Structures are given as C-alpha cells and as structure tokens.
Amino acid sequence: MGGWPVDAVGPEAARRLSHLHEACFPQGEAWSAPNMRNLLAMPGCCAWVVATDDGLAGMVIARKALDEAEILTICVAPDYRRRGVAQSLIERMSESMKCAKVERIFLEVRADNAAARSLYAAAGYNRCGFRANYYSDGGNAIVMCANLSDSL
Ligand SMILES: CC(C)(COP(=O)(O)OP(=O)(O)OC[C@H]1O[C@@H](n2cnc3c(N)ncnc32)[C@H](O)[C@@H]1OP(=O)(O)O)[C@@H](O)C(=O)NCCC(=O)NCCS
C-alpha cells in the first residue's frame with residue numbers, strides 16, 4: 001500500500017488544508033484557515049498533501065526543532081481512508097525529516113483513537129508517554145515516538 005504522490009505545500013494552501021481538517025475532525029477541533037496560515041508560516045513547520053481531482057485526500061503537518069520533530073496533525077478524507085494515503089504521507093514526511101537531520105519524531109494521539117494508534121504503530125511509532133486529561137473534554141493522550149534511524 002502507500003504509493004500515493006505526496007507534495008509539500010506552504011501557507012498558500014491554508015484554505016484547502018482547513019477545508020480538509022473540517023471534514024475530518026469534530027466541530028470545534030478543526031483548525032481555521034487563518035490559524036493554518038499562521039502555523040505554516042512558523043519556522044520549522046511543514047505540510048504535505050495528497051491531492052486528487054476532488055481536492056485534498058490527505059494532509060500531515062509537522063514541526064521540526066533541531067534534531068526532533070512533532071506531528072501536529074494528520075487526516076485523510078473519509079472517502080479515501082484505508083487506501084494507504086496516511087501511510088504515504090508519513091513515509092514522505094519521514095524522508096524529508098531524515099534529510100533535515102531529524103532523529104526522532106513525536107506525536108500525541110487520543111487514547112481512544114484506535115485508527116490513528118494503529119496507523120502510528122504500523123509506521124513504527126512506539127508508546128513513550130501518557131498525558132492524563134490532556135484534551136479539553138478530559139480525554140487522555142498517548143505520546144508516541146519513532147527513531148528515524150530505525151525506520152528508514
Ligand atoms: C487515522 C487516519 C489518518 C488514517 O488514515 P488512512 O489513510 O485511512 O490510513 P492508511 O490507509 O494509510 O492505513 C495504514 C495502516 O494504519 C492502520 N489503520 C488505519 N486506519 C485504521 C482503522 N480504522 N482501524 C484499524 N487500523 C487502521 C492499519 O494498520 C493500516 O494498514 P492496513 O489498511 O493495511 O491494515 C484517518 O482515519 C483519519 O483521518 N482519521 C480522522 C483524523 C484523525 O483521527 N487523525 C489522527 C489524529 S492523531
């Protein structure tokens with residue numbers, strides 16, 4: 001699986017990214033276009049997308065700081081799920097980070113988000129922490145980490 005073409009995008013894609021985010025996350029959790037634009041203008045922030053004739057099928061945003069990086073968000077349009085889009089996004093993001101001398105990538109995932117936890121485990125991420133009541137609704141977060149030297 002995987003094998004989807006992935007493109008790097010910048011702040012100019014903020015509206016399209018926000019549109020996809022709204023389709024993937026509950027109301028109130030989606031990031032607006034202005035927030036997305038500000039985020040992508042920050043040093044070290046990068047976004048990658050899988051684009052189709054229908055619009056964006058998937059996106060990932062990550063931030064690099066020295067030799068570490070963090071996945072800030074990843075999502076795939078409902079019609080494109082379980083077809084390897086997220087896997088392609090993570091592979092491309094990881095390659096770029098490795099080229100930029102990043103050694104470890106971290107992320108937080110809701111403890112009850114089974115799909116995302118499976119995705120990250122399949123991509124080589126291991127549990128490395130737990131944050132109780134991390135989300136505004138009281139949900140817990142699992143911290144996961146991948147060593148790029150192990151995975152590529
Ligand atoms: C999580 C998400 C990004 C996965 O995207 P996707 O493109 O469907 O994932 P892929 O097709 O690349 O899946 C790769 C692997 O991840 C795991 N996986 C993905 N979705 C899964 C699911 N619903 N249930 C179980 N495992 C799943 C599987 O191991 C899968 O490989 P397989 O299909 O060969 O079994 C997508 O479901 C999504 O956008 N969810 C809503 C937003 C979200 O929760 N984002 C994560 C926030 S931390």
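This report describes the ligand site of a predicted model and the annotated domain of its chain.

According to an unreviewed UniProt entry, residues 4–149 carry the annotation "domain: N-acetyltransferase". Over residues 4–149 the chain is 31% helix and 35% strand, while the C-alpha atoms at the two ends of this stretch lie 23 Å apart.

The ligand occupies the space of the largest pocket. Around the ligand there are 22 residues, of which Ile74, Val76, Arg82, Gly84 and Asn113 come nearest. Sorted by class, this shell holds 14 nonpolar residues, together with four polar and four charged ones.

Several secondary-structure elements take part in the shell, since at least two residues each are supplied by strand E4 (68–76), helix H3 (85–99), strand E5 (104–110) and helix H4 (114–122). Among the contributors, H4 gives the most, with six residues.

Polar backbone atoms of Arg82, Ala86 and Gln87 approach oxygen atoms of the ligand at the distances listed here.

| Residue | Protein atom | Ligand atom | Distance |
|---|---|---|---|
| Arg82 | polar backbone atom | oxygen | 2.7 Å |
| Ala86 | polar backbone atom | oxygen | 3.0 Å |
| Gln87 | polar backbone atom | oxygen | 2.9 Å |

Taken alone, the ligand exposes 910 Å², and the protein buries 76% of that area. Arg82 thus appears twice in this account, as one of the residues that come nearest to the ligand and as the residue whose polar backbone atom is 2.7 Å from a ligand oxygen.

Definitions and conventions. Residues are numbered from 1 along each chain as its sequence is written. This is a predicted model: local features need pLDDT of at least 70, side-chain atom pairs count only at pLDDT 80 or more; totals for chains, interfaces and linings use all residues. Side-chain values use heavy atoms; hydrogens and water are left out. UniProt positions are given in the numbering used here, feature names are shortened, and annotations may be inferred rather than shown by experiment. Helices (H or I, at least four residues) and strands (E, at least two) are DSSP runs, numbered from the N terminus. A residue is near a molecule or strand if one of its heavy atoms lies within 4 Å of it. A polar contact is a pair of N or O atoms within 3.5 Å; within protein, one must be able to donate a hydrogen and the other to accept it, and residues adjacent in sequence count only if both atoms are side-chain atoms. Accessible areas come from the Shrake-Rupley method with a 1.4 Å probe; for residues, only the protein chains shown count as cover. On a 1 Å grid over the protein atoms alone, a cavity is a set of points where a 1.4 Å probe fits but cannot get out, and a pocket is an open set with protein on both sides within 12 Å along at least five of seven lines; lining residues have an atom within 4 Å of a point. A molecule sits in a cavity or pocket if more than half of its atoms lie within 2 Å of its grid points. Ala, Val, Leu, Ile, Met, Phe, Trp, Tyr, Cys and Pro count as nonpolar, Asp, Glu, Lys and Arg as charged, and the others, Gly among them, as polar.
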